[in-house]
Amino acid sequence: MDAQPDNTESFIAKEARYGARNYAPVRVVVDHAKDCLVWDVDGREYIDMMSAYSSVSHGHLHPRIVAAAHRQLEKVAVTSRAYYGTTLGPLLEKLSEVTGFERALPMNTGAEAVETAIKCARRWGHRIKGIPDGRQRILVARGNFHGRTSTIIGFSSEQEYRSGFGPFDGGFQHFDYGDMGSLKAAATQDTCAVLVEPIQGEAGVVLPPPGFFRELRAWCTENKVLLIDDEVQAGLGRTGKWFAFQHEGIRPDALILGKALGAGLLPVSAFCADDAVMQVFSPNSHGSTFGGNALAAAVALEGLKVLEEEGLVANCAAKGDHLIRRLREVQAEVRPLIRDVRGRGLWIGVDIEPSCTTARDLVERLAANGVLSKETHDTVIRFAPPLTITYELMDRAVEIFRQVARGKHAELKRDTVEVPL
């Protein structure tokens, strides 16, 4: 009997049969990609409006970054941090240049960098602020998303992330995002840090109220509390500036980077801070076998150069303004289907009225018509394309979204007519 050819259904079936059920992917089997376009295993073309949660900010397989990876692969990839190398030092130097922080500690995933920040904050709280060891507390916002390790989900306010995974670490206290009164009420003399996102992505691309981060910065300084900014998704140009904190006119005490730092090829993350904070780490106090490996460092360094030299950060703000304006035009046409369009730069959330449909419904319709996006919390569609996207591709994607939204709007009108009130 001849073997059956691989196709969409066979690949989906294999993942369903042999994989853990911890994801519910959109039914698109990606075969290859280039810049802002993706092709599935059956040859259908899609516009990538997700960029792997900002990991592919440079576009898929950027030729300069692929070439840098090839050059390094012909030399050495991984040796561990037991030795020095030729790529990590230059990466750390470049990170210091673009972030403005004196030091960086390289890791792999964003969650690992967040764990690094937590360890640093606790040791700083004990050794520098003088909090008795074991009593250090970190303030975190409700609606946060900082990763999925057991420590991090322990301070998530999303029950689905937590259920059945206890007991949890503790040492965290919650405040309402954007509410200084709530934050002050949660603080104690044992508070050593505030860990916060400049925009809450997983919560639905939620922006802080004007002035919140300036007031937070002043409060942290006054109370000798570290302000740790998690820009795993927001950083490296996504919001139209190198870092989202720059929109607020502040400087945090520490910065967490990931996703786009790997330039769409590898998991690369970093915890960045000045020496006054980073000094709490000493040999053997923290590490990672793969963190800062030669291949990852070469890729990340070239990715930073591409962002800078090709003007991707500088052009993002104008592209984002265009995309938000076009999406709001669609919103006006299909009320009440879309409740809100919000965002900054090329990081936009389209908030769907839950009485009309789910975000997943529209995401699946978009995929069927050649646009890749993803829902969050059933009510928000995220549009976060590579920073390399052209205006023509954005307009094509918006036109497809318009047709999908109009189609759903027409269905709702028919249902309203047919169902007695």
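A residue is called buried when its relative accessible area is under 20%, and the views below, all taken from a predicted model, use the word in that sense.

**View 1. Surroundings of T87, a buried residue in the loop between helix 3 and helix 4****.** With a relative accessibility of 10%, T87 falls under the 20% limit and therefore counts as buried. The loop that holds T87 runs between helix 3 (63–73) and helix 4. A polar atom of the T87 side chain lies 3.0 Å from the backbone oxygen of A294. When residues up to four places away in sequence are not counted, T87 touches Q72, N293, A294, A297 and A298, so that A294 appears both among these contacts and as the residue whose backbone oxygen faces the T87 side chain at 3.0 Å.

**View 2. The open sheet of 7 strands and the helix packed on it****.** The strands follow the order 4-10-9-8-7-5-6, and their pairing is mixed. Strand 4 (103–107) and strand 6 (172–175) are the edge strands; each has a single partner, and one side of each is therefore left without a neighbour in the sheet. From one strand to the next, the twist averages 20 degrees. Strand 9 (254–257) and strand 10 (269–273) are paired in the antiparallel sense over 4 bridges, with I256 standing opposite F271 of strand 10. Helix 4 (88–99) packs on the sheet, where it touches strand 4, strand 9 and strand 10, and its direction makes about 125 degrees with that of strand 4.

**View 3. The second largest pocket, to which strand 4 gives the most lining residues****.** This pocket has a volume of about 570 Å³ and is lined by 22 residues, of which R81, L105, F281, S282 and H286 lie nearest its centre. Strand 4 supplies 5 residues of the lining, while helix 4, strand 4 and helix 10 (275–278) each supply at least two.

**View 4. Surroundings of Q200, a buried residue in the loop between strand 7 and helix 9****.** Q200, placed between strand 7 (191–196) and helix 9 (212–222), counts as buried because its relative accessibility is 4%. A polar atom of its side chain lies 3.1 Å from the backbone oxygen of R142. Apart from neighbours within four places in sequence, Q200 is in contact with A141, R142, G143, N144, Y177, V205 and V206.

**View 5. The largest cavity, lined in part by helix 12 and helix 14****.** The cavity has a volume of about 30 Å³, and its lining consists of M49, L323, L327, F383, A397, V398 and F401. Helix 12 (312–333) and helix 14 (391–418) each supply at least two of the lining residues, and helix 14 gives the most, with 3.

**View 6. Cis peptide bonds at P167 and P336****.** The bond from G166 to P167 is cis, with omega near 5 degrees, and P167 lies in the loop between helix 7 (159–162) and strand 6. A cis peptide bond also joins R335 and P336, where omega is about 5 degrees; P336 is found in the loop between helix 12 and strand 11 (338–343).

**View 7. Positive phi values at Y53 and L236****.** Y53, a residue of helix 2 (51–54), has phi near 55 degrees and is partly exposed, with a relative accessible area of 29%. L236 has phi near 60 degrees and lies in the loop between strand 8 (226–230) and strand 9, where its relative accessibility of 1% makes it count as buried.

Definitions and conventions: Residues numbered from 1 in each chain as written. Predicted model: local features only at pLDDT ≥ 70, side-chain atom pairs only at ≥ 80, totals over all residues. Heavy atoms only, no water. Buried < 20%, exposed > 50% of the residue type's maximum accessible area, 1.4 Å probe, protein only. Polar contact = N/O pair within 3.5 Å; in protein donor to acceptor, adjacent residues only side chain to side chain. Contact = heavy atoms within 4.5 Å. Pairing = 2+ DSSP bridges. Axes fitted to C-alpha atoms, helices over the stretch in contact; angles between N-to-C directions. 1 Å grid on protein atoms, 1.4 Å probe; cavity = no way out; pocket = protein on both sides within 12 Å on 5 of 7 lines; lining within 4 Å. Points joined across faces, edges and corners; volume = space filled by probe spheres on them.
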